[in-house]
Amino acid sequence: MGVKSANSGEMEMTCLAARTASGRVRSLIEYRLAEWGLSGLLDDLRLVAGELVANAVQCAPDGEIRVRLARESASVLLCVWDSSDAMPVAGPVVELCLDDIAPDPEALDPGHDDGTGGWGLPIVQALSSECGVRPTPPQGKWVWARVGS
């Protein structure tokens with residue numbers, strides 16, 4: 001994983017699209033927000049980063065992802081790049097009740113899909129003041145979110 005700080009208002013990193021990438025990115029974001037005095041954004045930004053990085057890892061398994069973090073006054077812009085041309089799509093959010101939640105003995109099996117996924121983009125939309133996606137020809141895309149005021 002390569003991390004570069006262009007100045008005290010930016011951070012850029014490149015890492016393998018591995019399941020461990022999300023945790024590493026969240027840790028580095030925590031340190032940077034503390035440095036910037038923006039720790040009040042930490043919880044929301046950690047969730048947003050986790051979702052965007054997890055989506056990038058899923059789109060580019062065993063490839064490379066890039067993460068940029070930039071301070072913008074009282075907000076932070078987080079951008080995550082992957083090599084896939086597939087655009088993110090937010091699915092409909094279905095409200096769950098207690099009867100919908102039951103132990104799933106296959107939950108930890110590789111490749112198991114219990115049908116409860118798809119909450120990532122609605123979480124990003126709810127926690128960010130703005131978010132979007134920008135294709136990067138010839139391939140790939142930047143998915144971004146602005147957190148804070």
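Which residues on the other side of α1 are exposed? They're Tyr31 and Glu35. Keep those two in mind while I walk you round the rest of the helix. And just so we're all clear, this is a predicted model.

So, α1. Helix α1 runs over residues 21–36, so to speak, 16 residues in the run. From the first C-alpha to the last you get 22 Å, close to the 22 Å expected at 1.5 Å a residue. Now look at what is buried there: Ala21, Ser22, Val25, Ile29, Arg32, Leu33 and Trp36. Those buried residues cover an arc of only 100 degrees around the axis, and that is why they end up on the same side of α1. The general rule is handy here: an α-helix has 3.6 residues a turn, so residues three or four places apart point the same way.

What do the buried residues of α1 pack against? Four elements: β2 (10–16), α2 (42–59), β3 (64–72) and β4 (75–82). Then, once α1 is done, you hit Gly37, and its phi is positive, near 75 degrees.

Let me pick one residue out of that helix. Val25 sits in α1, and with 0% relative accessibility it counts as buried. If you go 21 residues along the sequence from Val25 you reach Arg46, and C-alpha to C-alpha those two are 8.6 Å apart in space.

Okay, over to α2. This helix has 18 residues and reaches 25 Å from its first C-alpha to its last, close to the 26 Å expected at 1.5 Å a residue. The buried list for α2 is Leu42, Leu45, Val48, Ala49, Gly50, Leu52, Val53, Ala56 and Val57. As for partners, the buried residues of α2 pack against α1, β3, β4, α3 (120–127) and β6.

Zoom in on Leu45, which is in α2. Its relative accessible area is 0%, so it is buried. Leaving aside neighbours within four places in sequence, Leu45 is in contact with Ile29, Leu33, Leu69, Val76, Leu78 and Val147. There's also a distance to note: Leu45 and Ser27 are 18 residues apart along the chain, and their C-alpha atoms are separated by 11 Å.

That brings us to the core. In soluble globular proteins, nonpolar side chains tend to be buried together. Here, the largest nonpolar core has 30 residues, and the ones with the most contacts inside it are Ile29 and Leu78. Which elements supply at least two residues each to this core? That would be β2, α1, α2, β3, β4 and β6 (141–148). The largest share, 8 residues, comes from α2.

Have a look at Leu78 while you're in there. Not counting residues up to four places away in sequence, Leu78 touches Ile29, Leu45, Val48, Ala49, Leu52, Val67, Arg68, Leu69, Val143, Trp144 and Ala145.

Now for two polar residues in β4. Ser75 is found in that strand, and at a relative accessible area of 3% it is buried. Beyond its neighbours within four places in sequence, Ser75 is in contact with Leu38, Leu41, Ala70, Arg146, Val147, Gly148 and Ser149.

The other one is Asp82, also placed in strand β4. Is Asp82 buried or exposed? Buried, with a relative accessible area of 2%. So what does its side chain reach? One partner is the backbone nitrogen of Ser84, at 2.9 Å. Then a polar contact of 2.7 Å joins the side chains of Asp82 and Lys141. Setting aside residues up to four places away in sequence, Asp82 touches Ala56, Cys59, Ala60, Glu64, Ile65, Gly140 and Lys141.

Cys59 just came up in that list, so let's finish with the cysteines. How many disulfides does the structure hold? The count is 0. For Cys59, the closest cysteine sulfur is in Cys15, 14 Å away, and that is too far for a bond. Cys59 is partly exposed, at 34% relative accessibility. Cys131 is in no disulfide either, with the nearest cysteine sulfur, that of Cys79, 12 Å away. At 33% relative accessibility, Cys131 counts as partly exposed.

Methods:
Residues numbered from 1 in each chain as written. Predicted model: local features only at pLDDT ≥ 70, side-chain atom pairs only at ≥ 80, totals over all residues. Heavy atoms only, no water. Expected span 1.5 Å × (residues − 1). Buried < 20%, exposed > 50% of the residue type's maximum accessible area, 1.4 Å probe, protein only. Arc of directions from axis to C-beta. Contact = heavy atoms within 4.5 Å. Core = buried A, V, L, I, M, F, W, Y, C linked by side-chain atoms within 4.5 Å. Polar contact = N/O pair within 3.5 Å; in protein donor to acceptor, adjacent residues only side chain to side chain. Disulfide = S-S within 2.5 Å.
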